[in-house]
Amino acid sequence: MRTPHISRLAAVALGSAALVLPLTAVAPVHAAPADQPAPKAAKAKTTKTVVPTLEARAQLSADYIAKGPESGAKVTEKNGRKGPFPGQVIPGFSAMAEIGDGSFWGLPDNGFGSKANSDDFLLRVYKVKPQWETADGGKGEIKVQKFVQLRDPNHLAGFPIVNEHTKKRLLTGADFDVESLVVNKDGSFWIGEEFGPFLLHFSADGVLLRKPVPMPVPGKASAAGVELVKSASNPHLAKGEEANLRNSKGFEALAASQNGRFLYPILEGYLNGDDKRTRIISQFDTRTNRYTGRTWKYQADTDDNLVGDAFMTDGKKMLIVERDDFWGAESVTKRVYEINLNKVEKDGFLRKELVVDLLKIDNPDGIGMETFPGHGVVKTFTFPFQSVETVVRLKDGRLLIANDNNYPGNDARKPGTPDDTEMVILDLAKKKVEASDPNHIVFAHRGASGYRPEHTLAAYEVAINQCADYIEPDLVSTKDGVLVDRHENEISGTTDVADRPEFADRKATKTIDGSEITGWFTEDFTLAELRTLRAKERLGELRPGSAEFDGLYQVPTFDEVVDLARRSKTCDGKPVGVIPEIKHGSYFDSIGLSQEEGTVKVLEANGYGKKNSPVVIQSFEVGNLQQLNQMTKVQLVQLMDCSGAPADFVASGNTTTYKDMLTPSGMKKVAKYADSVGLCKNLMIPKKKDGSLDKPSDAIKNAHAAGLEVTGWTFRAENSFLPKDFQSSSNPAEIGDMKAEIKTFLAAGMDHVFSDQPDVAVEAVREFKQGK
């Protein structure tokens, strides 16, 4: 037997400190047996954790026009707006700096996104003063006070600019793509831009003070000279020369040491030849006007995530904005992480810790709900803009966050209406919150798969913010041996592969675990090929709301899912757990793509391979769990289906069925290699002929007697999946009473819950504890 029933699952959920408590100090994991009444209501336990809270908000109208010549003549019409505009648009702020008198410097980018459409957009730094809306009221408006016009009267740009032959030589968005800003103590501006990418130094009144400084490629200095980073828009890119950086992936972020000597420009995207999750941080010495040669590697959560801004908080710590390219409800990653330049993980990347998820901000005072309503302006406030590109730690310790609104293209708050520029102030104080119950853990089945296409980072992000304790990836292998996250290796039901003519010849018929299946299979695709596909809702007719997100999200790797979990926090501040299921282990072994070793390797590489790590590995097969019992110290779960037998047993001629494994002797055998069992709901409480619930079976009792915990699967809110007594109507897609169903199973002794709607499951557990 691996562990006693007062088990590691509860201990992990409580935190590592629980592991050193005597067994008598830990509450039993399971609820009252089926023949006993449910436990009396218990007072909810609380804990303290950081709760990001909205304290102030202000907006600048998307249609605000500053003084100056017309702009936007070449802009594509969007959201009802068409250029040219009668003056200079302010398309949000890509960087900001605190002045100290309640006002801020704000830097728009190059205007409208490219050289081709931004030659009439003048590069400026605006001074703005928010009139904050707070809990005490306020206008919630941003007042534009003045601007500094950036210009090059001394001909230092090094290439012909739009206003080359004018006296003032005002700089435009076709000359530089300015994105990041640091203000020197002398009032001058250091600006990071993306066309080069270059570092630019301007005087306090906007004059370019020296030639643009290019970035050397890390480690590529030689006797022949220094190889430079060049985007496809670099003005010095020679004919036939290949760029080594994609367009618009330059210095979106720029931080400065506290004494101002060193700058830390960060590439928004990856350099050609680097791992696609790598973002390079360089060090630049303002005294020598040279790069020092010191670089660091920051790892983004996914290949396509971008670094939006950075702010140095002391000599070694830095805040970094990481974002995806979605906006509104489609958003997945809008986060602020903290890194320490002195702390590097085993893989060479900087260690990063979550500071705030901008898709979950407490708004107890309802700021903006009446004055500026829109998507995400609710009690759980979100900042769901495509280009979250400002983070500043204010002198009082709070955080300022702001957006570039990509005018007129983004409409995150109100579909069809261009986004305003928003500035918000967040407080990061610790508050008391209800602690999750380690005795009744909520597992997000394939993520929050009732709300987003299953097995996507979007589904996991929603699940985490709905207070799930663990997220579940199902593991299958690619042709090149990478573990990816799909419910099955046949992917026509969960991706758009059937609509891709380039993969038509990959359609095949195979025998998987004794069943003949026709379709497209992960093992016939490389990871790079799978990355071109997009996920779709498997149950589109039942879940049309989730199907609205079809075609947006990639197939994630197992490593990305674990990475997301370890860099996230549960609602009570603990690490998010991961409960992977190894799919079709015997089949993948038979084709030379064994998954067990890779599973353990990914977990250990992410620091999730220890005895007290919040990890559980599942399988419907037995042999691979017995193998894993010798390979890892993390918890193991024997899954049991409603009928049939483990596929590896069938293949080997072993006649043991899942029904046999449910018996007292069967459970004792399972306990020799596993910590718990995951049971189909019908095994715990069968259904009557009319589809309503019958009396509980002995399955839970037998498992507990063997020292095994019991997780029930899968609780889904739609009538199609509910017992008749919990259905709300005959409409299969309508939502029924899943909460009542879960509480019935908890009362029967089930320990933990697998659900497609983790928010409802969390509420069900809460009500059960309260005796409701």
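## Backbone geometry in the loops

In this predicted model, H155 is placed in the loop between strand 8 and strand 9. The phi of H155 is near 55°, a positive value in a residue other than glycine. Most residues other than glycine have a negative phi, and most peptide bonds are trans. D513, which is not a glycine either, has a positive phi of about 50°, and its place is in the loop between strand 33 (508–512) and strand 34 (515–519). With a relative accessible area of 36%, D513 is partly exposed. A further positive phi, of about 80°, is taken by C467 just after helix 2.

Two cis peptide bonds can be described alongside these residues. One joins G83 and P84, with omega about 0°, and P84 lies in the loop between strand 3 (65–66) and strand 4 (88–89). Another joins W713 and T714, with omega about -15°, and here T714 is found in strand 40 (residues 709–715).

## Aromatic pairs

A search of the whole structure finds 18 aromatic pairs. F159 and F176 form one that is edge-to-face, with 5.4 Å from centre to centre and 70° between the planes. Both F159 and F176 lie in the loop between strand 8 (141–149) and strand 9 (178–183), so their pairing ties together parts that are 17 residues apart in sequence. F159 counts as buried at 12% relative accessibility, and F176 counts as buried at 0%. Together with F198, the residues F159 and F176 form one aromatic cluster. The loop that holds this pair is also the place of H155, whose positive phi was described above.

The rings of W190 and F284 have their centres 5.5 Å apart and their planes at 65°; because angles over 60 degrees count as edge-to-face, this pair is edge-to-face. The pair links distant parts of the chain, with W190 in strand 10 (residues 189–193) and F284 in strand 17 (residues 278–285), 94 residues apart. Both W190 and F284 are buried.

## Helix 2 against helix 5

Helix 2 (residues 457–465) and helix 5 (residues 558–566) have axes that come within 11 Å and cross at roughly 20°. Since angles under 35 degrees count as roughly parallel, helix 2 and helix 5 are roughly parallel to each other. Their crossing is right-handed. On the side of helix 2, L457, Y460, E461 and I464 take part in the contact, and they meet E560, V561 and L564 in helix 5. By class, this contact has 5 nonpolar, no polar and 2 charged residues. An α-helix has 3.6 residues a turn, so residues three or four places apart point the same way.

Of the 9 residues of helix 2, 9 are buried, so helix 2 is largely enclosed by the rest of the structure. The buried residues of helix 2 include L457, Y460, E461 and I464, the residues that meet helix 5.

## Helix 5 against helix 7

Helix 5 also packs with helix 7 (residues 596–605), at an angle of about 35° and with the axes 10 Å apart. Helix 5 passes helix 7 in a right-handed crossing. The contact is made by F558, D559 and V562 of helix 5 together with T599, V602 and L603 of helix 7. By class, the contact of helix 5 with helix 7 has 4 nonpolar, 1 polar and 1 charged residues.

In helix 5, 8 of the 9 residues are buried, so this helix is largely enclosed by the rest of the structure. Among the buried residues are E560, V561 and L564, which meet helix 2, as well as F558 and V562, which belong to the contact with helix 7.

## Two residues with accessible surface

K48 is found in strand 1 (residues 46–50) and counts as exposed at 54% relative accessibility. Not counting residues up to four places away in sequence, K48 touches K431 and K432. K48 and L693 are 645 residues apart in sequence, and in space their C-alpha atoms are 40 Å apart.

P664 has its place in helix 11 (residues 664–670) and is partly exposed, with a relative accessible area of 47%. The C-alpha atoms of P664 and P723, which are 59 residues apart along the chain, are separated by 27 Å.

Notes
Residues numbered from 1 in each chain as written. Predicted model: local features only at pLDDT ≥ 70, side-chain atom pairs only at ≥ 80, totals over all residues. Heavy atoms only, no water. Axes fitted to C-alpha atoms, helices over the stretch in contact; angles between N-to-C directions. Helix = DSSP H or I, 4+ residues; strand = E, 2+ residues; numbered from the N terminus. Parallel < 35°, antiparallel > 145°, perpendicular 65-115°, else oblique. Left-handed = near helix turned anticlockwise from the far one by under 90°. Contact = heavy atoms within 4.5 Å. Nonpolar A, V, L, I, M, F, W, Y, C, P; charged D, E, K, R; others polar. Phe/Tyr/Trp six-rings, centres within 6.5 Å; stacked < 30°, edge-to-face > 60°. Buried < 20%, exposed > 50% of the residue type's maximum accessible area, 1.4 Å probe, protein only.
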